[in-house]
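User: I should like to learn how to read a protein structure, one feature after another. Please begin with a single residue and its contacts.

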Amino acid sequence: MKITNNFSRQEFDCKDGTSVPKELLDNLKLLCSNLEVLRDELKSPVSITGSGYRTESHNKKVGGAKNSQHLYAKAADINAKGYTPKEVYDTIERLIGLGRMKQGGLGLYKTFVHYDVRSSGSARW
């Protein structure tokens, strides 16, 4: 099921095999529309490398935060072809500053970037 031009629901399904629940699809659409902005800016595919949506049991298994945005289909761990995680992180930060991507959570890791569209505020790590 296509969510946006370049993202399908299946890319965000939990790694335990559970599909993103129907009641969370609006959250996923918001996330994907923001990731489309990033993809267009970078002119490069954006891949979900680790987690998109997570069930509570899978979140616990991988050591996720108790109230992780992954539980609500509002987060993705991503990479972009041809870019380092730091370059992806900096691009998202710039696009948020320009008002082109939603303010939310942004985390830089050695091999990926976490981005989420949390309902209120921002978080950086």
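Analyst: Apart from residues up to four places away in sequence, Val 37 touches Leu 95, Arg 100 and Met 101. Please bear in mind throughout that this is a predicted model.

User: In which element is Val 37 found, and how far apart are the C-alpha atoms of Val 37 and Leu 95?

Analyst: Val 37 belongs to helix α1. Its C-alpha atom and that of Leu 95 are separated by 8.4 Å, although the two residues are 58 residues apart along the chain.

User: How do helices α1 and α3 pack, in terms of angle and distance?

Analyst: Two values describe such a pair: the angle and the distance between the axes. Helix α1 covers residues 25–42 and helix α3 covers residues 85–97; they pack at an angle of about 115°, with their axes 11 Å apart. Angles of 65 to 115 degrees count as roughly perpendicular, and α1 and α3 are therefore roughly perpendicular to each other. The crossing of α1 past α3 is right-handed.

User: Which residues of α1 and α3 meet?

Analyst: On the α1 side they are Val 37, Leu 38, Glu 41 and Leu 42, and these meet Val 88, Thr 91, Ile 92, Arg 94 and Leu 95 in α3. Sorted by class, this contact of α1 with α3 has six nonpolar residues, one polar residue and two charged residues.

User: Where does Leu 25 lie, and is it buried or exposed?

Analyst: Leu 25 also lies in helix α1. Burial is read from the relative accessible area, and a residue under 20% counts as buried. Leu 25 has a value of 11%, so it is buried. Its contacts, leaving aside neighbours within four places in sequence, are Met 1, Ile 3, Arg 9 and Val 20. For Leu 25 and Ile 3, 22 residues apart along the chain, the C-alpha atoms are separated by 8.6 Å.

User: How many disulfides does the structure hold?

Analyst: A disulfide is a covalent bond between the sulfur atoms of two cysteines. The structure holds zero disulfides. Cys 14 is in none, and the nearest cysteine sulfur, that of Cys 32, is 16 Å away.

User: Why is there no bond from Cys 32 to Cys 14?

Analyst: The sulfur atoms would have to lie within 2.5 Å to count as a disulfide. The closest cysteine sulfur to that of Cys 32 is in Cys 14, and it is too far for a bond because the distance is 16 Å. As for accessibility, Cys 14 is buried at 4% relative accessible area, and Cys 32 is buried at 0%.

User: What is the phi value of Lys 43, and what is that of Ala 73?

Analyst: Phi is a backbone angle, and its sign is the point to read here. Lys 43 has a phi near 55°, a positive value in a residue other than glycine. Ala 73, likewise not a glycine, has a positive phi near 60°.

User: Where do Lys 43 and Ala 73 lie, and is each buried or exposed?

Analyst: Lys 43 is in the loop between α1 and β1 (46–48), and with a relative accessible area of 73% it is exposed. Ala 73 is in the loop between α2 (56–61) and β2 (75–80), and at 2% relative accessibility it counts as buried.

User: Which residues is Gln 69 in contact with?

Analyst: Gln 69 lies in the loop between α2 and β2. Neighbours within four places in sequence aside, Gln 69 is in contact with Lys 74, Ala 75, Asp 116 and Arg 118. Its relative accessible area is 14%, so Gln 69 is buried.

Technical notes: Residues numbered from 1 in each chain as written. Predicted model: local features only at pLDDT ≥ 70, side-chain atom pairs only at ≥ 80, totals over all residues. Heavy atoms only, no water. Axes fitted to C-alpha atoms, helices over the stretch in contact; angles between N-to-C directions. Helix = DSSP H or I, 4+ residues; strand = E, 2+ residues; numbered from the N terminus. Parallel < 35°, antiparallel > 145°, perpendicular 65-115°, else oblique. Left-handed = near helix turned anticlockwise from the far one by under 90°. Contact = heavy atoms within 4.5 Å. Nonpolar A, V, L, I, M, F, W, Y, C, P; charged D, E, K, R; others polar. Buried < 20%, exposed > 50% of the residue type's maximum accessible area, 1.4 Å probe, protein only.
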